[in-house]
Amino acid sequence: MENKEAGTPPPIPSREGRLQPTLLLATLSAAFGSAFQYGYNLAVVNTVFKSFYNETYFERHATFMDGKLMLLLWSCTVSMFPLGGLLGSLVVGLLVDSCGRKGTLLINNIFAIIPAILMGVSKVAKAFELVIFSRVVLGVCAGISYSALPMYLGELAPKNLRGLLGTMTEVFVIVGVFLAQIFSLQIILGNPEGWPVLLALTGVPALLQLLTLPFFPESPRYSLIQKGDEAAARQALRRLRGHMDLEAEVEDMRVEARAERAGGHLSVLRLCALRSLRWQLLSIIVLMAGQQLSGINAINYYADTIYASAGVEAAHSQYVTVGSGVVNIVMTVTSAVLVERLGRRRLLLAGYGICGSACLVLTVVLLFQNKVSELSYLGIICVFAYIAGHSIGPSPVPSVVRTEIFLQSSRRAAFMVDGAVHWLTNFIVGFLFPSIQEAIGAYSFIIFAGICLLTAVYIYVVIPETKGKTFVEINRIFAKRNRVKLPEEKKEEIIDGPPTPSPAKETSF
């Protein structure tokens, strides 16, 4: 029955989306090629490079490095990856608009294959500088994929599967981390002879993505809203959904396109100045900063050191690290299953609660382990509990939320801000944590516990539950918090045909 007063038809009931083969395979191709290699490169640095650096330095200068120089060089190696990620996050907006989501992921493989070759030959070339340079380039690759991949998967998914597909980014990151931990074992490739192969393997997922992703469709929302090509959007939806009943989803994109034309396509500067997006912008900054500053990369980068401080023998720490990887995978997959049942907020709050509690107990363990030797086992449990808590909420769920709380017009600029915050805080933790740990020791984890608490309070007070809502509905919830009224849709703006691309040209910034 039509609403005669408004003169517009009632909303078309949407059909429940299913995980069709094309959607599943597109997700696997995109996530394996991008998120998997991101996770692999995140973890593979924790291997035998220090001896290689020392040997190379000795050949050049006939003396070994002192402890301070080694610490500086090692911190530089660790932190170059997030620094490259920051650079990648600054160019991703231009790429996803000019090349599309899928095209960006394909181009990005260049930044994986070239450094894989350079790292593979670094030992023969006797140049540890190749490893450091390659870490920067791989960081650029990770920075681009970290934003482009969730954007692509979030726009491919129907609204009832957005949470599940959104967490796939983190699932494949964790799988990459786990396999890197396996390959880094001394009996496999984590030895002086095998580490060049360990590093070169990062190019394999990129090659597989280049061979498979071209056969899957571009984001339908990108095709219709930004390119004005409704025919291409419908064709992509038919392949992804496996049925012809597409009117509800197409109409939802039209509504979003009208909202975009009313608000205009946003640059980063306009996004930061716009009152109607104030709380959305602040929310992604808090989520990304909280994710990194809560201590997860301190655990990832310096797990062996933490285990040694907790009393674990060096020969056994690598196997404990693999065990933590198993916990990471299990809990991340659990989060992917539960995100559409329990919602985003519950998983985030539960995760930060577990992480904060684990950090507090770990502080006590590290302070008193010399007096009570049995506490070393409790220290391992705390690390595992922290990883489980982070894997259930703070690691995977922000990738879902950041896609959902912005419309198409502001999503590109928002992801640039999001990526910049993510990689900048990642860089800060990776570069400063060794010095902080050396200066204040166990008390460093109290800082992480405080950040967990503050982030959880913000989530509880500000961020709404987005499960099962369309992008436009979520935008209306935030409009009330921002105390703004959304532009009224005029009758002449309600059209049956595809929207035309905005003629306005604007740079990413």
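Helix α19 (residues 344-368) packs against helix α21 (residues 397-404) in this predicted model. Their axes lie 10 Å apart, at an angle of about 140 degrees. That angle makes α19 oblique to α21, because over 145 degrees would be needed to count as roughly antiparallel. The crossing of α19 past α21 is left-handed.

Which residues in α19 and α21 meet? From α19 come R344, L347 and L348. From α21 come V397, P398, V400, V401 and E404. By class, the contact of α19 with α21 divides into six nonpolar residues and two charged ones. No polar residue takes part in that contact.

Two further residues deserve a look: S184 and F445.

| Residue | Place | Relative accessibility |
|---|---|---|
| S184 | loop between α9 (168-183) and α10 (195-200) | 12% |
| F445 | helix α23 (residues 444-462) | 2% |

Is S184 buried or exposed? S184 counts as buried, because its relative accessibility of 12% is under the 20% cut-off. The S184 side chain also has a polar partner: one of its polar atoms lies 2.6 Å from the backbone oxygen of A180.

F445 sits in helix α23. With a relative accessible area of 2%, F445 is buried too, because buried means under 20%. How far apart are the C-alpha atoms of F445 and S294? They are separated by 8.9 Å, although the two residues are 151 residues apart along the chain.

Conventions:
Residues are numbered from 1 along each chain as its sequence is written. This is a predicted model: local features need pLDDT of at least 70, side-chain atom pairs count only at pLDDT 80 or more; totals for chains, interfaces and linings use all residues. Side-chain values use heavy atoms; hydrogens and water are left out. Axes are lines fitted to C-alpha atoms, for helices over the stretch in contact, and angles run from 0 to 180 degrees between N-to-C directions. Helices (H or I, at least four residues) and strands (E, at least two) are DSSP runs, numbered from the N terminus. Angles under 35 degrees count as roughly parallel, over 145 as roughly antiparallel, 65 to 115 as roughly perpendicular and the rest as oblique. A crossing is left-handed if the near helix is turned anticlockwise from the far one by less than a right angle, and right-handed if clockwise. Contact means heavy atoms within 4.5 Å. Ala, Val, Leu, Ile, Met, Phe, Trp, Tyr, Cys and Pro count as nonpolar, Asp, Glu, Lys and Arg as charged, and the others, Gly among them, as polar. Buried means under 20% relative accessible area, exposed over 50%, partly exposed in between (1.4 Å probe, protein chains only). A polar contact is a pair of N or O atoms within 3.5 Å; within protein, one must be able to donate a hydrogen and the other to accept it, and residues adjacent in sequence count only if both atoms are side-chain atoms.
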